[in-house]
2 protein chains.
Amino acid sequence: MNNNLYEKKAQIFKALSNPVRLEIMDLLANGEKCVCEIVENLNYEQPHISKSLIKLKEAGLIKDRKDGLNVYYSLKICCMGEFFNCLNKIFEQGNN
Amino acid sequence: MNNNLYEKKAQIFKALSNPVRLEIMDLLANGEKCVCEIVENLNYEQPHISKSLIKLKEAGLIKDRKDGLNVYYSLKICCMGEFFNCLNKIFEQGNN
DNA sequence: ATTATATATTCCAACTATGGCATATATAAT
DNA sequence: ATTATATATGCCATAGTTGGAATATATAAT
């Protein structure tokens with residue numbers, strides 16, 4: 001496998017390597033949300049949420065859609081669910 | 001879900017958010033390897049490989065076993081394969 | 001005991017991420 | 001045109017990551 005591909009994958013994991021961004025992914029797993037809804041749900045400043053969303057988008061994990069003043073974000077990747085389920089099982093087993 | 005769990009998951013993703021460590025995971029996916037074998041395969045200094053292995057171990061992704069002078073590392077997590085396959089498909093589709 | 005080998009640790013400079021605050025932009029409403 | 005609202009951008013101090021070079025530790029062989 002070429003190095004560039006490891007770089008790309010690392011970028012995806014980097015985007016997911018932050019609790020705020022993981023929480024956003026969890027929110028979006030329940031369906032499309034505008035930035036304002038995400039800000040309401042999470043205890044962070046709006047600019048920080050915006051930056052987090054942009055990072056997830058750049059990694060190709062989410063996509064956005066504009067409607068009037070609002071920007072709606074939603075998941076673009078389908079395999080998060082399985083992987084998270086697996087991680088959850090591991091945590092339940094108390095291996096970490 | 002409590003915040004602590006997001007922290008823990010973020011730690012796992014952080015461990016995977018580096019091309020060298022991903023390459024190590026790939027090597028270990030083909031079976032247990034000692035540090036020296038990993039050093040032979042990857043173009044990095046031994047101390048750096050050691051540190052990478054320790055980081056993966058602390059995240060609960062790999063385990064180690066000592067035998068004489070050698071330390072053998074192997075995967076401890078079973079769901080990497082599926083997730084990597086999914087990521088590969090996404091890359092093949094050229095979405096990133 | 002000395003030496004060789006495999007792995008881990010420490011130190012460090014360059015780089016990158018984090019998250020708040022202030023501000024800019026874009027659209028909508030009056 | 002002015003004002004209000006939603007989102008994005010820039011700046012910044014602090015903290016964490018990266019990967020090399022030198023060194024330490026642990027086990028094995030002579």
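A polar contact is a pair of N or O atoms within 3.5 Å. With that cut-off in mind, select Lys55(B) in this predicted model: a polar side-chain atom of Lys55(B) lies 3.3 Å from a phosphate oxygen of DNA strand D.

Next, display the elements around the strand. Those that give two or more residues to the surface near DNA strand D are helix 3 (35–41), helix 4 (46–58) and strand 3 (70–75) of chain A, along with helix 4 (46–58) of chain B. Helix 4 of chain A gives the most, with five residues.

Now select Cys36(A), where a backbone N or O atom is 2.6 Å from a phosphate oxygen of DNA strand D. At Tyr73(A), a polar side-chain atom is found 2.9 Å from a phosphate oxygen of the strand.

Widen the selection to the 24 residues around DNA strand D; those that come nearest are Cys36(A), Gln46(A), Pro47(A), Ser50(A) and Lys51(B). On the DNA side, sugar and phosphate make up 56% of the atoms of strand D that come within 4 Å of the protein. The surface near DNA strand D comprises 11 nonpolar, six polar and seven charged residues.

Leave the DNA and turn to the salt bridges, which number four over all chains. In chain A, select Arg65(A) and Glu32(A), whose closest N and O atoms are 2.9 Å apart. Arg65(A) belongs to strand 2 (residues 62–67) and Glu32(A) to the loop between helix 2 (19–29) and strand 1 (33–34), so this pair ties together parts 33 residues apart in sequence.

Finally, in chain B, select Lys57(B) and Asp64(B), a salt bridge with its closest N and O atoms 3.2 Å apart. Lys57(B) is partly exposed at 38% relative accessibility, and Asp64(B) is partly exposed at 34%.

Notes
Residues are numbered from 1 along each chain as its sequence is written. Chains are lettered from A and ligands numbered from 1 in the order in which they are written. This is a predicted model: local features need pLDDT of at least 70, side-chain atom pairs count only at pLDDT 80 or more; totals for chains, interfaces and linings use all residues. Side-chain values use heavy atoms; hydrogens and water are left out. A residue is near a molecule or strand if one of its heavy atoms lies within 4 Å of it. A polar contact is a pair of N or O atoms within 3.5 Å; within protein, one must be able to donate a hydrogen and the other to accept it, and residues adjacent in sequence count only if both atoms are side-chain atoms. Helices (H or I, at least four residues) and strands (E, at least two) are DSSP runs, numbered from the N terminus. Ala, Val, Leu, Ile, Met, Phe, Trp, Tyr, Cys and Pro count as nonpolar, Asp, Glu, Lys and Arg as charged, and the others, Gly among them, as polar. A salt bridge is a side-chain nitrogen of Lys or Arg within 4 Å of a carboxyl oxygen of Asp or Glu. Buried means under 20% relative accessible area, exposed over 50%, partly exposed in between (1.4 Å probe, protein chains only).
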